[in-house]
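Colleague: I am new to this structure and would like a close look at a single part. Could you take me through the largest pocket and the residues around its centre?

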Amino acid sequence: MQSAPLAPADGLAVQADAEPVTRRGGAIAIAAAGIAFLLYPAIRPYGDETTLAGARGMASASWIAAHLSAIAGFILLTLGIQALYGVLRPTPAGKLAARALLATWLGAGLTLPYYGVEVFGAHVIAQHALDSHDAGALDMINDFRFNPAAVTLFAAGLLLLTVGTILAATAIWRSTHLARWSGIPLAAAFTLFIPQFFATPSLRILHGALTLTACLYLATVLWPKKPGDVRAETAETAPGRGTQPLG
């Protein structure tokens with residue numbers, strides 16, 4: 001008789017354990033994403049990319065490392081939002097968290113092809129310009145950078161990532177399951193992601209630091225204080241269990 005009421009909670013706990021990305025795994029992914037988003041502008045070479053001096057930066061290993069860091073950041077962010085959805089799914093904000101996850105998935109998917117061309121395409125063209133001592137070859141980089149289809153997909157991807165982080169912040173706020181403000185800095189960082197491309201190198205690095213801070217804050221909130229916290233919180237959200245206000 002005493003074990004019957006625990007069945008729903010146990011069932012939900014097993015379901016939580018079966019999430020593709022665990023809560024702690026998601027916290028680690030979000031924290032790592034923040035580090036990657038700081039490394040991206042911090043180690044990226046800057047310069048006049050219409051000259052051979054700029055070509056040396058694009059042909060460097062730092063160029064590849066910086067853009068691969070950005071790619072890793074987008075992937076890790078998606079994994080973190082997956083874990084966040086797993087935490088918020090049993091709450092009244094679960095559907096909103098699902099929309100956040102979908103927008104983030106789509107946003108990352110549309111953004112990554114552009115970064116792939118940027119990291120390898122620009123690198124190869126810049127190396128060719130250096131080998132031939134022909135700065136005119138660098139015009140090809142702008143040909144693909146500002147190709148209407150490429151720019152449209154890239155902008156749509158970043159806008160969807162912005163929408164995804166805003167929806168995630170809203171879901172956290174409505175659920176009252178995590179610290180209410182914990183998603184807002186991340187949403188602010190991604191709202192500024194497109195504008196930072198037009199900023200100075202120092203401001204771009206500052207934006208990377210903002211993104212890192214936002215990710216670390218959310219990761220700290222997402223990380224359970226002790227192993228039993230995930231099971232206990234899941235039990236509180238089961239029908240007829242607990243008195244914690246949700247929504």
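Modeller: Happy to! One definition helps at the start: a residue counts as buried when its relative accessible area is under 20%. Please keep in mind as well that this is a predicted model.

Let us begin with the pocket itself. The largest pocket has a volume of about 620 Å³. Its lining is made up of 21 residues, and those closest to the centre are Tyr114, Arg145, Phe146, Phe154 and Phe197. By class, 13 of the lining residues are nonpolar, 3 are polar and 5 are charged. Which helices each supply at least two residues of this lining? They are helix H5 (94-132), helix H6 (139-145) and helix H7 (148-175). The largest share comes from H7, with 4 residues.

Now let us follow Arg145, one of the residues closest to the pocket centre. Side chains of opposite charge can pair when their charged atoms come close. Arg145 forms a salt bridge with Glu118, and the closest N and O atoms are 2.6 Å apart. Because Arg145 lies in helix H6 and Glu118 in helix H5, this pair ties together parts that are 27 residues apart in sequence. Are these two partners buried or exposed? Both Arg145 and Glu118 are buried.

Arg145 also meets Glu49 in a salt bridge, at 2.7 Å from N to O. Here Arg145 is in helix H6, whereas Glu49 sits in the loop between H2 and helix H3 (52-58), so the pair ties together parts that are 96 residues apart in sequence. Glu49 in turn forms a salt bridge with Arg44, with the closest N and O atoms 3.1 Å apart. Glu49 has a relative accessible area of 19%, so with the limit set at under 20% it counts as buried. Arg44, with a relative accessible area of 11%, is buried too. The count comes to 3 salt bridges, and Arg44, Glu49, Glu118 and Arg145 are linked in a network of them.

Next, the aromatic rings. Tyr114, Phe154 and Phe197, which are among the residues closest to the pocket centre, also belong to a cluster linked by ring pairs. The other members of that cluster are Phe37, Tyr40, Phe74, Tyr115, Phe190 and Phe193. A pair of aromatic rings is described by the distance of the centres and the angle of the planes. The structure holds 12 aromatic pairs, and two of them show how the cluster is put together.

In one of these, Phe37 and Phe190 are arranged edge-to-face, with 5.6 Å from centre to centre and 85° between the planes. This pair links distant parts of the chain: Phe37 belongs to helix H2 (residues 23-43) and Phe190 to helix H8 (residues 184-191), 153 residues apart. Both Phe37 and Phe190 are buried.

In another, Phe74 and Phe193 form a tilted pair, 5.7 Å centre to centre with 55° between the planes. Since Phe74 lies in helix H4 (residues 61-88) and Phe193 in helix H9 (residues 193-196), the pair ties together parts that are 119 residues apart in sequence. Phe74 and Phe193 are buried as well.

To put the picture together, start from the residues closest to the pocket centre: Arg145 is among them, as are Tyr114, Phe154 and Phe197. From Arg145 you can trace the network of salt bridges, and from Tyr114, Phe154 and Phe197 you can trace the cluster of rings.

How values were computed:
Residues are numbered from 1 along each chain as its sequence is written. This is a predicted model: local features need pLDDT of at least 70, side-chain atom pairs count only at pLDDT 80 or more; totals for chains, interfaces and linings use all residues. Side-chain values use heavy atoms; hydrogens and water are left out. Rings of Phe, Tyr and Trp (its six-membered ring) pair if their centres lie within 6.5 Å; planes under 30 degrees apart count as stacked, over 60 as edge-to-face and the rest as tilted. Buried means under 20% relative accessible area, exposed over 50%, partly exposed in between (1.4 Å probe, protein chains only). On a 1 Å grid over the protein atoms alone, a cavity is a set of points where a 1.4 Å probe fits but cannot get out, and a pocket is an open set with protein on both sides within 12 Å along at least five of seven lines; lining residues have an atom within 4 Å of a point. Grid points are joined across faces, edges and corners, and a volume is the space filled by probe spheres set on the points. Ala, Val, Leu, Ile, Met, Phe, Trp, Tyr, Cys and Pro count as nonpolar, Asp, Glu, Lys and Arg as charged, and the others, Gly among them, as polar. A salt bridge is a side-chain nitrogen of Lys or Arg within 4 Å of a carboxyl oxygen of Asp or Glu.
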